[in-house]
Amino acid sequence: MKLVTIDDVRSAAERIRPFVVRTPLLPARWGNPDRPLWIKPENLQPIGAFKVRGAFNAVAAVRDTAADVVAYSSGNHAQAVAYAAATFGIRAHIVMPKETPNVKVQATRDLGARVELSEAGGREMLAAEILAQTDGVLIPPFDHPDVIAGQGTIGIEIAEDLPSVRTVLVPVSGGGLASGIGTSIRALCPNAEIIGVEPELAADTAQSLREGRRVDWSIEDRNRTVADGLRSQPSELTFAHLQHVLDGMITVSESEIRSATRELIYRARLVAEPSGAVALAAYRQNATPPGQTVVVLSGGNVEPRILQEILAEPAPA
């Protein structure tokens, strides 16, 4: 299987430069002294999540030939494709599971996309039906080289801003983010470790990497986690990348995720959705080696009700 290369990521960086924010690396002075902590805040992107990078790279590649694009997503990729399509004057048709937080559904509609809601586990089938009706182009959330390359631009920025990075902690769901960042860091910072992070309640990738094959967790099991953006499973393409670029996986509990979400708000003044806070939760386990550590805050599109519940719990000491 052909994997994305650092040259693909560099090309993506040039293509998407006018449309995305080059997010800073923020020093977190309250981190452990032997593992200086840096935060990569992708919640500062125009749609509130890293997904805008891959979406713009993939949509830009078809902008001259397609009048319609179709995507399926639990939220952030949906908004990203809708935003990219609107920028290029292309119609967007988005399928979202019915359990998707309403804040993400409404944000996608506000960007001009046609949104259809699917039953749990049925979003890909419905997207295929819409694809046939529109004769459009499918922009999947992670299972595409252009999407992976776009997400990998985060890794280029980390390498440029912190060449001495020792560990990069990255959320894992469908695997596009970790595949892209891992490709860049592996090429530009070969001494750094790339660690994927999953909720314990959706730890299919950790099990798959242990067994050397993709294993399937039911959608009902994966839907238990509060980290709604981390309920997907890797494809053959992303799993091949993850096997190549990841040095390990860390799983985090629901209480650790919620605590990290509060910590980012109170300590860093950054709003993170639970999915975006898992990397900090993993950092707090003190399981990574000494040295400069980057946690990727992947997004901040949190359902207000969930945020209120999390903030009602005790603040970090």
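**Exercise 1. Find the largest pocket and describe its lining.**

Solution. Start with the space itself: the largest pocket has a volume of about 670 Å³. Bear in mind as you look that this is a predicted model.

Next, turn to the walls. A set of 40 residues lines this pocket, and those nearest its centre are R123, F142, S173, R231 and S232. Then see which elements take part: α3, α5 (123-134), α8 (176-188) and α10 (219-222) each give two or more residues to the lining.

**Exercise 2. Find the cavity in this model and say what lines it.**

Solution. First, a word on the approach. Rolling a probe the size of a water molecule over the atoms shows where empty space is left.

Now count: there is 1 cavity of 30 Å³ or more. The space in the largest cavity is about 30 Å³. Around it you will find I39, L264, G276, A277, A279, L280, V295, V296 and L297. Two elements, α13 (274-283) and β10 (293-297), give two or more residues to this lining. Helix α13 supplies the largest share, with 4 residues.

**Exercise 3. Take helix α3 and work out how it sits in the structure.**

Solution. Step one is its length. Helix α3 covers residues 76-88, which makes 13 residues, and spans 19 Å from the first C-alpha to the last. That is close to the 18 Å expected at 1.5 Å a residue.

Step two is burial, where the cut-off is a relative accessible area under 20%. The buried residues of α3 are N76, H77, A78, Q79, A80, V81, A82, A84, A85 and F88. Because 10 of its 13 residues are buried, α3 is largely enclosed by the rest of the structure.

Step three asks what does the covering. The elements over those buried residues include α2 (51-62), β3 (68-72), β4 (91-97) and α4 (102-110).

Finally, look just past the end of the helix: G89 takes a positive phi of about 70° there.

**Exercise 4. Trace the aromatic rings that start from F19.**

Solution. The whole structure holds 4 aromatic pairs. In the pair of F19 and F56, the ring centres are 4.8 Å apart and the planes meet at 5°, so this pair is stacked. F19 belongs to the loop between α1 (6-16) and β1 (26-28), while F56 belongs to helix α2, so the pair ties together parts 37 residues apart in sequence.

How exposed are the two? F19 is partly exposed at a relative accessible area of 24%, whereas F56 is buried at 1%.

Now move on from F56 to Y83. Their ring centres are 5.4 Å apart with planes at 85°, so this pair is edge-to-face. With F56 in helix α2 and Y83 in helix α3, the pair ties together parts 27 residues apart in sequence. Y83 itself is partly exposed, with a relative accessible area of 25%.

Put the steps together and you have a cluster: ring pairs link F19, F56, Y83 and F88.

**Exercise 5. Compare the surroundings of V115 and Q151.**

Solution. Begin with V115, which is in strand β5 (residues 114-118). This valine counts as buried, at 10% relative accessibility. Leaving aside neighbours within four places in sequence, V115 is in contact with I94, M96, V105, T108 and R109.

Continue with Q151, found in helix α6 (residues 145-151). Q151 is buried as well, with a relative accessible area of 1%. Not counting residues up to four places away in sequence, Q151 touches F50, K51, R53, G54, G176, L177, G180 and I181.

**Exercise 6. Locate two residues other than glycine that have a positive phi.**

Solution. One is R269, whose phi is about 60° although it is not a glycine. R269 sits in the loop between α12 (254-268) and α13, and it is exposed, with a relative accessible area of 65%.

Another is N286, with a positive phi near 55°. The loop between α13 and β10 holds N286.

**Exercise 7. Which ring does R35 lie over, and at what distance from the ring centre?**

Solution. Go to R35 and look for the ring face beneath it: R35 lies over the face of Y283, at 4.1 Å from the ring centre.

Key:
Residues are numbered from 1 along each chain as its sequence is written. This is a predicted model: local features need pLDDT of at least 70, side-chain atom pairs count only at pLDDT 80 or more; totals for chains, interfaces and linings use all residues. Side-chain values use heavy atoms; hydrogens and water are left out. The expected span of a helix is 1.5 Å times one less than its number of residues. Buried means under 20% relative accessible area, exposed over 50%, partly exposed in between (1.4 Å probe, protein chains only). Contact means heavy atoms within 4.5 Å. Rings of Phe, Tyr and Trp (its six-membered ring) pair if their centres lie within 6.5 Å; planes under 30 degrees apart count as stacked, over 60 as edge-to-face and the rest as tilted. A charge sits over a ring if NZ of Lys or CZ of Arg is within 6 Å of the ring centre and within 35 degrees of the ring normal. On a 1 Å grid over the protein atoms alone, a cavity is a set of points where a 1.4 Å probe fits but cannot get out, and a pocket is an open set with protein on both sides within 12 Å along at least five of seven lines; lining residues have an atom within 4 Å of a point. Grid points are joined across faces, edges and corners, and a volume is the space filled by probe spheres set on the points.
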